[in-house]
Amino acid sequence: RTAWRRHLLAVSMALFCLLHNPMDVHARPANMSSLKDKNSPTSKEENEILPPDHLNGMKLEMDGHINKGFHQEVFLGKEMEEFEEDSEPRRNRNKLIDIFRKVDFNKDKSVSAKEMQRWIVEKTEEHFQEAVRENKMSFHAVDPDGDGHVTWNEYRVKFLASKGFNKKEMADKIKNSEELKVDEETQEVLESLKDRWFQADNPPADQLLNEEEFLSFLHPEHSKGMLKYMVKEIVRDLDQDSDKKLTLSEFISLPMGTVENQQAQDIDDDWVRERKKEFEEVIDGNHDGIVTMEELQEYMDPMNEYNALNEAKQMIAVADENQNHNLELEEILKYSEYFTGSKLMDYARNVHEEF
């Protein structure tokens, strides 16, 4: 399975170089989920039943890539969609001022690390609640008879139908325990999904998933056990010597592939630098050059309040120009692109009057 995934990563890299604008500074190699989002729209049904690679408020994607939008997700919560790149700058500035007021819990016109921590936890919880709401619709899609449970075979039929296979034919073959003649890629995905399905089946294992278990299947961040499983899968894909730990070289290694041009080389170099910084400064808590599964799980846990405080301090440090370990409104407006993904023009104009 690992070899298959790495093959897909290499293919994705080649497609990436062909399809993306040379000026795309947010580009990264071998990110299957990013490429899929931009260039390969999937059907509504497939989106409903397939576990997403990207999980809001999680530091890594399911495929082990760094989540580029993490800071924006934990700062904006459910308001993320309101900050669009082509939105009117003044309107976005006013929204950001309003958010600053809310984060500034004690109303002293300055945001401390503790206030930012409190805000991050609150916004992460919003993503959790949104996942729960979406899961209700997704579960209904795979449980049309409404009996409150879904078997692996029922899900498998739905998945294969979403991939273009004949639903009745697949259902009959599964019912009669006949061999499914599917391509190698689909078979690999099925095996991966099956592992994940049975991990989400809480004791006593009955090979059925209820709505809560299905939530864990789609969103492992909602379950400590599934979060641990997700970490195990990421480590297995990156761990080259099978010692169940990650070294820096393993974490920053690129999939096999040929660099076509300088643009692709620059993307590779940026990707390596970002991962090296994350590994050394954040993930490797005791700075011994080794990341264990326990360290990675702690790093990945979206509801770990210590992580939230650490994240708050890092976010403040990015924009803290006066070095007082707090954020003032002028600073957060100046670094709006970091916090919201939206760059404000004339950020300081009339800021005091508006605030």
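These are my notes from a look through one predicted model, chain first, then helix pairs, single residues and backbone oddities.

**Whole chain**

I started with the secondary structure and got 18 helices and four strands. The chain has 355 residues, and 46% of them count as buried. Next I pulled the exposed area, which is about 18,900 Å², with carbon and sulfur atoms supplying 50% of it. For contacts with a separation of 6 or more, I find that 61% are between residues 24 or more positions apart.

**α7 and its neighbour α8**

I went to helix α7, residues 152–162, and asked which of its residues are buried. My list reads W152, Y155, V157, K158, F159, L160 and S162. There is a lysine in that list, K158, and K158 turns up again on the α7 side of the contact with α8.

How do the two axes run? They come within 9 Å and cross at roughly 150°. The cut-off for roughly antiparallel is over 145 degrees, so α7 is roughly antiparallel to α8. I noted the crossing of α7 past α8 as right-handed. From α7 the contact uses N153, R156, V157, K158, L160 and A161, and from α8 it uses K167, M170, A171 and I174. Sorted by class, I get six nonpolar residues, one polar and three charged.

Just past α7 I checked G164, which has a positive phi near 100°.

**α9 against α10**

Here I took helix α9 (residues 184–200) with helix α10 (residues 211–218). Their axes come within 9 Å, and the crossing angle is roughly 135°. That angle makes α9 oblique to α10. The handedness came out right-handed. Which residues make the contact? On α9 I have L193, R196, W197 and A200; on α10 I have E213, F214, S216, F217 and L218. The split for this contact is six nonpolar, one polar and two charged.

I also wrote down a reminder about spacing: an α-helix has 3.6 residues a turn, so residues three or four places apart point the same way.

**α11 against α14**

The third pair is helix α11, residues 224–238, and helix α14, residues 293–300. Their axes also come within 9 Å, this time crossing at roughly 120°. I logged α11 as oblique to α14, which follows from that angle. The crossing is right-handed. α11 brings K224, L227, K228, M230, V231, K232, I234 and V235 to the contact, while α14 brings M293, L296, Q297 and M300. I get eight nonpolar residues, one polar and three charged for this contact.

**Two buried residues with distant partners**

F128 sits in helix α6, residues 113–142. Is F128 buried or exposed? Its relative accessibility is 11%, so I filed F128 as buried. Skipping neighbours within four places in sequence, I found F128 in contact with E221, H222, P302 and M303. I also looked up F128 and G57: they are 71 residues apart in sequence, and their C-alpha atoms are 8.6 Å apart.

I66 lies in a loop, the one between α3 (44–49) and α4 (70–76). At 16% relative accessibility, I66 counts as buried, because the cut-off is under 20%. The C-alpha atoms of I66 and W271 are separated by 9.3 Å, with their positions 205 residues apart along the chain.

**Backbone oddities**

Before this part I reminded myself that most residues other than glycine have a negative phi, and most peptide bonds are trans.

Where is there a cis peptide bond? I found one joining P203 and P204, with omega about -10°. P204 belongs to the loop between α9 and β2 (208–209).

I then picked out two non-glycine residues with positive phi. S177 has a phi of about 55°. The residue sits in the loop between α8 (167–175) and α9. S177 is exposed, at a relative accessible area of 69%.

H325 has a phi of about 65° and is not a glycine either. I placed H325 in the loop between α15 (305–319) and α16 (329–334). With a relative accessible area of 62%, H325 is exposed.

Conventions. Residues numbered from 1 in each chain as written. Predicted model: local features only at pLDDT ≥ 70, side-chain atom pairs only at ≥ 80, totals over all residues. Heavy atoms only, no water. Buried < 20%, exposed > 50% of the residue type's maximum accessible area, 1.4 Å probe, protein only. Contact = heavy atoms within 4.5 Å. Areas by Shrake-Rupley, 256 points an atom, 1.4 Å probe, with all protein chains shown as cover. Axes fitted to C-alpha atoms, helices over the stretch in contact; angles between N-to-C directions. Parallel < 35°, antiparallel > 145°, perpendicular 65-115°, else oblique. Left-handed = near helix turned anticlockwise from the far one by under 90°. Nonpolar A, V, L, I, M, F, W, Y, C, P; charged D, E, K, R; others polar.
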